[in-house]
Amino acid sequence: AMAMILALAKRLRDSMHVMVADADWGEPRRCDADTFAINWSRRTGITGLSGATVGIVAMGEIGTELAGRLQAFGCDVVYHNRRPLPADEERRLGVRYEPLDVLLGVSDVVVLLVPHAPTTVGMTDEAFCDRMRPGALLVSCGASTTLDEQVVAAAYRSGHLGGVATDGHRWEPVRPDDPLVTLARDPAANVVLTPHSAQADLVLGAELRVPEWRNVVHLARGEPLEHRVV
(Lines give C-alpha, C1' and ligand atoms only; values in the text may rest on other atoms or scores of the structure.)
Protein backbone atom coordinates (compact mmCIF):
# COMPACT_ATOMS: atom_id res chain seq x y z
CA ALA A 1 0.00 0.00 0.00
CA MET A 2 2.79 2.42 0.90
CA ALA A 3 4.66 1.67 -2.32
CA MET A 4 1.51 2.24 -4.37
CA ILE A 5 0.78 5.56 -2.67
CA LEU A 6 4.29 6.80 -3.41
CA ALA A 7 4.22 5.53 -7.00
CA LEU A 8 0.98 7.41 -7.72
CA ALA A 9 2.03 10.61 -5.92
CA LYS A 10 5.30 10.73 -7.87
CA ARG A 11 3.77 9.45 -11.14
CA LEU A 12 6.58 6.93 -11.41
CA ARG A 13 5.28 5.08 -14.47
CA ASP A 14 5.02 8.27 -16.48
CA SER A 15 8.41 9.50 -15.29
CA MET A 16 10.09 6.20 -16.18
CA HIS A 17 8.46 6.29 -19.62
CA VAL A 18 9.88 9.76 -20.22
CA MET A 19 13.40 8.46 -19.58
CA VAL A 20 13.21 5.98 -22.47
CA ALA A 21 10.92 7.93 -24.81
CA ASP A 22 12.27 9.05 -28.17
CA ALA A 23 11.69 12.79 -27.71
CA ASP A 24 13.63 16.01 -28.08
CA TRP A 25 13.89 17.71 -24.70
CA GLY A 26 16.56 20.18 -25.73
CA GLU A 27 20.35 20.14 -25.75
CA PRO A 28 21.80 18.15 -22.81
CA ARG A 29 24.38 19.90 -20.63
CA ARG A 30 26.87 18.27 -18.31
CA CYS A 31 25.73 18.81 -14.72
CA ASP A 32 27.80 20.21 -11.89
CA ALA A 33 27.03 22.05 -8.65
CA ASP A 34 25.57 25.00 -10.53
CA THR A 35 24.25 23.33 -13.67
CA PHE A 36 21.21 21.06 -13.66
CA ALA A 37 17.75 20.98 -15.18
CA ILE A 38 15.01 20.34 -12.63
CA ASN A 39 11.95 18.74 -14.26
CA TRP A 40 13.43 19.09 -17.75
CA SER A 41 10.55 17.02 -19.17
CA ARG A 42 8.00 19.42 -17.67
CA ARG A 43 6.03 16.78 -15.78
CA THR A 44 2.86 17.94 -14.02
CA GLY A 45 0.76 16.41 -11.26
CA ILE A 46 3.73 15.21 -9.21
CA THR A 47 3.07 15.71 -5.52
CA GLY A 48 4.54 14.85 -2.13
CA LEU A 49 2.97 13.27 0.93
CA SER A 50 4.00 15.78 3.59
CA GLY A 51 0.83 17.51 4.73
CA ALA A 52 -1.41 15.32 2.58
CA THR A 53 -4.59 13.86 4.06
CA VAL A 54 -4.72 10.08 3.69
CA GLY A 55 -7.99 8.29 4.41
CA ILE A 56 -7.84 4.63 5.43
CA VAL A 57 -11.07 2.69 4.94
CA ALA A 58 -10.99 -0.24 7.40
CA MET A 59 -8.52 0.29 10.23
CA GLY A 60 -7.56 -3.29 10.97
CA GLU A 61 -4.11 -4.82 11.34
CA ILE A 62 -2.91 -3.58 7.94
CA GLY A 63 -4.46 -0.16 8.46
CA THR A 64 -2.75 0.41 11.79
CA GLU A 65 0.61 -0.64 10.32
CA LEU A 66 0.07 1.70 7.38
CA ALA A 67 -0.91 4.60 9.65
CA GLY A 68 2.43 4.42 11.44
CA ARG A 69 4.32 4.58 8.15
CA LEU A 70 2.23 7.51 6.93
CA GLN A 71 2.98 9.44 10.11
CA ALA A 72 6.67 9.30 9.20
CA PHE A 73 5.84 11.16 5.98
CA GLY A 74 3.99 13.91 7.85
CA CYS A 75 0.53 12.89 6.65
CA ASP A 76 -2.77 13.77 8.29
CA VAL A 77 -4.35 10.32 8.68
CA VAL A 78 -8.11 9.85 8.96
CA TYR A 79 -9.92 6.53 9.00
CA HIS A 80 -13.33 4.92 8.77
CA ASN A 81 -14.38 1.72 10.53
CA ARG A 82 -17.64 0.09 11.44
CA ARG A 83 -16.80 1.25 14.94
CA PRO A 84 -14.32 3.97 15.97
CA LEU A 85 -11.19 2.88 17.81
CA PRO A 86 -10.86 3.72 21.51
CA ALA A 87 -9.69 7.29 22.05
CA ASP A 88 -6.36 6.24 23.56
CA GLU A 89 -5.65 4.03 20.53
CA GLU A 90 -6.44 6.92 18.18
CA ARG A 91 -3.97 9.09 20.08
CA ARG A 92 -1.32 6.37 19.95
CA LEU A 93 -1.71 5.97 16.18
CA GLY A 94 -2.15 9.69 15.52
CA VAL A 95 -5.39 9.17 13.58
CA ARG A 96 -8.94 10.45 13.79
CA TYR A 97 -12.26 8.86 12.86
CA GLU A 98 -14.48 10.31 10.14
CA PRO A 99 -17.74 9.09 8.56
CA LEU A 100 -17.08 7.61 5.12
CA ASP A 101 -18.63 10.54 3.22
CA VAL A 102 -16.45 13.02 5.10
CA LEU A 103 -13.31 10.89 4.65
CA LEU A 104 -13.83 10.68 0.89
CA GLY A 105 -14.34 14.42 0.64
CA VAL A 106 -11.20 15.47 2.55
CA SER A 107 -8.66 12.83 1.52
CA ASP A 108 -5.93 13.40 -1.05
CA VAL A 109 -5.37 9.63 -0.99
CA VAL A 110 -7.99 6.98 -0.18
CA VAL A 111 -6.72 3.53 0.78
CA LEU A 112 -9.21 0.66 0.70
CA LEU A 113 -8.36 -2.18 3.08
CA VAL A 114 -11.91 -3.55 3.31
CA PRO A 115 -12.51 -7.33 3.66
CA HIS A 116 -14.95 -9.26 1.49
CA ALA A 117 -18.60 -9.18 2.55
CA PRO A 118 -21.92 -9.02 0.69
CA THR A 119 -22.11 -5.32 1.57
CA THR A 120 -18.61 -4.47 0.32
CA VAL A 121 -18.65 -6.10 -3.13
CA GLY A 122 -18.13 -3.36 -5.72
CA MET A 123 -18.30 -0.66 -3.05
CA THR A 124 -16.41 1.82 -5.26
CA ASP A 125 -19.54 2.63 -7.21
CA GLU A 126 -20.29 5.96 -8.92
CA ALA A 127 -21.52 7.55 -5.70
CA PHE A 128 -18.31 6.51 -3.92
CA CYS A 129 -16.07 7.95 -6.64
CA ASP A 130 -18.15 11.12 -6.98
CA ARG A 131 -17.68 11.82 -3.26
CA MET A 132 -13.90 11.64 -3.60
CA ARG A 133 -12.24 15.02 -4.03
CA PRO A 134 -11.16 15.86 -7.60
CA GLY A 135 -7.64 14.65 -8.35
CA ALA A 136 -7.53 12.25 -5.39
CA LEU A 137 -5.61 8.99 -5.58
CA LEU A 138 -7.33 5.64 -4.97
CA VAL A 139 -5.33 2.67 -3.65
CA SER A 140 -6.93 -0.73 -3.06
CA CYS A 141 -5.11 -3.40 -1.06
CA GLY A 142 -8.17 -5.02 0.50
CA ALA A 143 -10.39 -7.77 -0.83
CA SER A 144 -10.33 -8.28 -4.60
CA THR A 145 -14.12 -7.94 -4.74
CA THR A 146 -14.39 -4.41 -3.34
CA LEU A 147 -13.21 -2.55 -6.44
CA ASP A 148 -15.63 -1.83 -9.29
CA GLU A 149 -12.99 -1.67 -12.02
CA GLN A 150 -15.39 -0.32 -14.64
CA VAL A 151 -16.51 2.63 -12.53
CA VAL A 152 -13.03 3.42 -11.22
CA ALA A 153 -11.54 3.31 -14.72
CA ALA A 154 -14.25 5.71 -15.94
CA ALA A 155 -13.54 8.07 -13.02
CA TYR A 156 -9.86 8.11 -13.96
CA ARG A 157 -10.53 8.63 -17.66
CA SER A 158 -12.80 11.58 -16.85
CA GLY A 159 -10.00 13.22 -14.86
CA HIS A 160 -11.91 13.04 -11.57
CA LEU A 161 -9.37 10.62 -10.07
CA GLY A 162 -5.70 11.52 -10.27
CA GLY A 163 -4.47 7.94 -10.06
CA VAL A 164 -5.52 4.36 -9.32
CA ALA A 165 -3.57 1.45 -7.85
CA THR A 166 -4.74 -2.02 -6.86
CA ASP A 167 -3.20 -5.33 -5.84
CA GLY A 168 -6.45 -7.30 -6.16
CA HIS A 169 -8.78 -7.73 -9.13
CA ARG A 170 -12.34 -8.95 -9.62
CA TRP A 171 -11.08 -11.83 -11.80
CA GLU A 172 -7.79 -13.54 -10.94
CA PRO A 173 -5.62 -14.23 -12.85
CA VAL A 174 -6.60 -10.89 -14.31
CA ARG A 175 -8.60 -10.86 -17.55
CA PRO A 176 -6.97 -9.06 -20.50
CA ASP A 177 -10.12 -6.97 -21.01
CA ASP A 178 -10.06 -5.66 -17.42
CA PRO A 179 -10.76 -1.89 -17.70
CA LEU A 180 -7.80 -1.01 -15.49
CA VAL A 181 -5.47 -3.24 -17.50
CA THR A 182 -6.64 -1.43 -20.62
CA LEU A 183 -5.74 1.90 -18.99
CA ALA A 184 -2.37 0.62 -17.78
CA ARG A 185 -1.32 -0.27 -21.31
CA ASP A 186 -0.66 3.45 -21.70
CA PRO A 187 2.72 3.93 -19.97
CA ALA A 188 1.82 7.55 -19.23
CA ALA A 189 -1.29 6.55 -17.25
CA ASN A 190 -1.05 7.03 -13.49
CA VAL A 191 -2.29 3.49 -12.94
CA VAL A 192 -0.32 0.92 -10.91
CA LEU A 193 -1.42 -2.73 -10.98
CA THR A 194 0.16 -5.73 -9.25
CA PRO A 195 -0.91 -9.40 -9.50
CA HIS A 196 -2.13 -9.87 -5.89
CA SER A 197 1.51 -10.17 -4.93
CA ALA A 198 1.85 -7.83 -1.95
CA GLN A 199 2.12 -10.82 0.40
CA ALA A 200 4.12 -12.98 -1.97
CA ASP A 201 7.08 -13.20 0.38
CA LEU A 202 4.99 -14.73 3.15
CA VAL A 203 4.22 -18.39 3.66
CA LEU A 204 0.48 -18.37 2.98
CA GLY A 205 -0.11 -21.99 3.93
CA ALA A 206 -1.17 -23.98 6.95
CA GLU A 207 2.04 -23.20 8.83
CA LEU A 208 1.05 -19.54 9.07
CA ARG A 209 -2.22 -20.46 10.83
CA VAL A 210 -0.94 -23.07 13.28
CA PRO A 211 -0.45 -20.63 16.22
CA GLU A 212 -3.95 -19.21 15.70
CA TRP A 213 -5.65 -22.59 15.65
CA ARG A 214 -3.65 -23.72 18.66
CA ASN A 215 -5.17 -20.88 20.67
CA VAL A 216 -8.66 -21.77 19.38
CA VAL A 217 -8.13 -25.27 20.77
CA HIS A 218 -6.86 -23.86 24.07
CA LEU A 219 -9.93 -21.64 24.32
CA ALA A 220 -12.32 -24.51 23.59
CA ARG A 221 -10.66 -26.61 26.30
CA GLY A 222 -10.57 -23.81 28.84
CA GLU A 223 -6.79 -23.83 28.84
CA PRO A 224 -4.50 -20.75 29.18
CA LEU A 225 -3.98 -18.83 25.92
CA GLU A 226 -0.55 -18.37 24.39
CA HIS A 227 0.81 -14.80 24.04
CA ARG A 228 -2.00 -13.39 26.18
CA VAL A 229 -1.57 -9.67 26.91
CA VAL A 230 -4.80 -8.82 28.75
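**Close-up views of the predicted model**

Glutamate 89 and arginine 92 lie three residues apart in helix α4, so about one helical turn separates them. The model shown in this and the following views is predicted.

**View A. Salt bridge between glutamate 89 and arginine 92 within helix α4.** The closest N and O atoms of glutamate 89 and arginine 92 are 2.6 Å apart. Glutamate 89 is partly exposed, with a relative accessible area of 24%. Arginine 92, at 58%, counts as exposed, because the cut-off for that class is over 50%. Helix α4 covers residues 87–93, and alanine 87 belongs to this helix. Alanine 87 has a relative accessible area of 45% and is therefore partly exposed. From the C-alpha atom of alanine 87 to that of serine 50 the separation is 24 Å, and the two residues are 37 apart along the chain.

**View B. Salt bridge between arginine 43 and aspartate 14.** The closest N and O atoms of this pair are 3.0 Å apart. The bridge joins distant parts of the chain: aspartate 14 is in helix α2, arginine 43 is in the loop between α2 and β1 (53–57), and their positions lie 29 residues apart in numbering. Aspartate 14 counts as buried at 9% relative accessibility, whereas arginine 43 is partly exposed at 23%. The cut-off for buried is under 20%, so aspartate 14 falls below the limit and arginine 43 does not.

**View C. Network of salt bridges and the backbone at arginine 11.** Arg11, Asp14 and Arg43 are linked in a network of salt bridges. Arginine 11 is placed in the loop between α1 (2–9) and α2. With a relative accessibility of 16%, arginine 11 counts as buried. Its phi is near 50°, a positive value in a residue that is not glycine. Most residues other than glycine have a negative phi.

**View D. Salt bridge between strands β2 and β3.** Aspartate 76 and arginine 96 form a salt bridge in which the closest N and O atoms are 2.8 Å apart. The pair links distant parts of the chain, with aspartate 76 in strand β2 (residues 76–80), arginine 96 in strand β3 (residues 95–97), and a distance of 20 residues along the chain. Both partners are partly exposed: aspartate 76 has a relative accessible area of 29%, and arginine 96 has one of 35%. In the model the count of salt bridges comes to ten.

**View E. Nonpolar patch on the surface formed by Met19, Val20 and Trp40.** Together, Met19, Val20 and Trp40 have about 350 Å² of accessible area. Valine 20 is in helix α2, which covers residues 12–20. The relative accessibility of valine 20 is 68%, so valine 20 counts as exposed.

**View F. Second largest pocket.** About 240 Å³ of space lies in this pocket. Its lining consists of Val57, Ala58, His80, Asn81, Arg82, Leu100, Val114, Pro115, Ala117, Thr119, Thr120 and Met123. By class, the lining residues divide into seven nonpolar, four polar and one charged. Arg82 is the charged residue, because arginine is among the types that count as charged.

**View G. Cis peptide bond from glutamate 172 to proline 173.** This bond has an omega near -5°. Proline 173 is in the loop between β6 (161–166) and α8 (179–184). Most peptide bonds are trans.

**View H. Positive phi at histidine 227.** Histidine 227 is not a glycine, yet its phi is positive, at about 60°. Histidine 227 lies in the segment after α9 (206–221). The relative accessible area of histidine 227 is 67%, so the residue is exposed.

**View I. The whole protein, for orientation.** The protein has nine helices and seven strands. Its C-alpha trace spans about 75 × 45 × 35 Å along the principal axes. Of its 230 residues, 40% count as buried.

Definitions and conventions: Residues are numbered from 1 along each chain as its sequence is written. This is a predicted model: local features need pLDDT of at least 70, side-chain atom pairs count only at pLDDT 80 or more; totals for chains, interfaces and linings use all residues. Side-chain values use heavy atoms; hydrogens and water are left out. Patches are made of residues with over 30% relative accessible area and no salt bridge: like charges are joined within 9 Å, nonpolar side chains (Val, Leu, Ile, Met, Phe, Trp, Tyr) within 5 Å. Accessible areas come from the Shrake-Rupley method with a 1.4 Å probe; for residues, only the protein chains shown count as cover. A salt bridge is a side-chain nitrogen of Lys or Arg within 4 Å of a carboxyl oxygen of Asp or Glu. Helices (H or I, at least four residues) and strands (E, at least two) are DSSP runs, numbered from the N terminus. Buried means under 20% relative accessible area, exposed over 50%, partly exposed in between (1.4 Å probe, protein chains only). On a 1 Å grid over the protein atoms alone, a cavity is a set of points where a 1.4 Å probe fits but cannot get out, and a pocket is an open set with protein on both sides within 12 Å along at least five of seven lines; lining residues have an atom within 4 Å of a point. Grid points are joined across faces, edges and corners, and a volume is the space filled by probe spheres set on the points.
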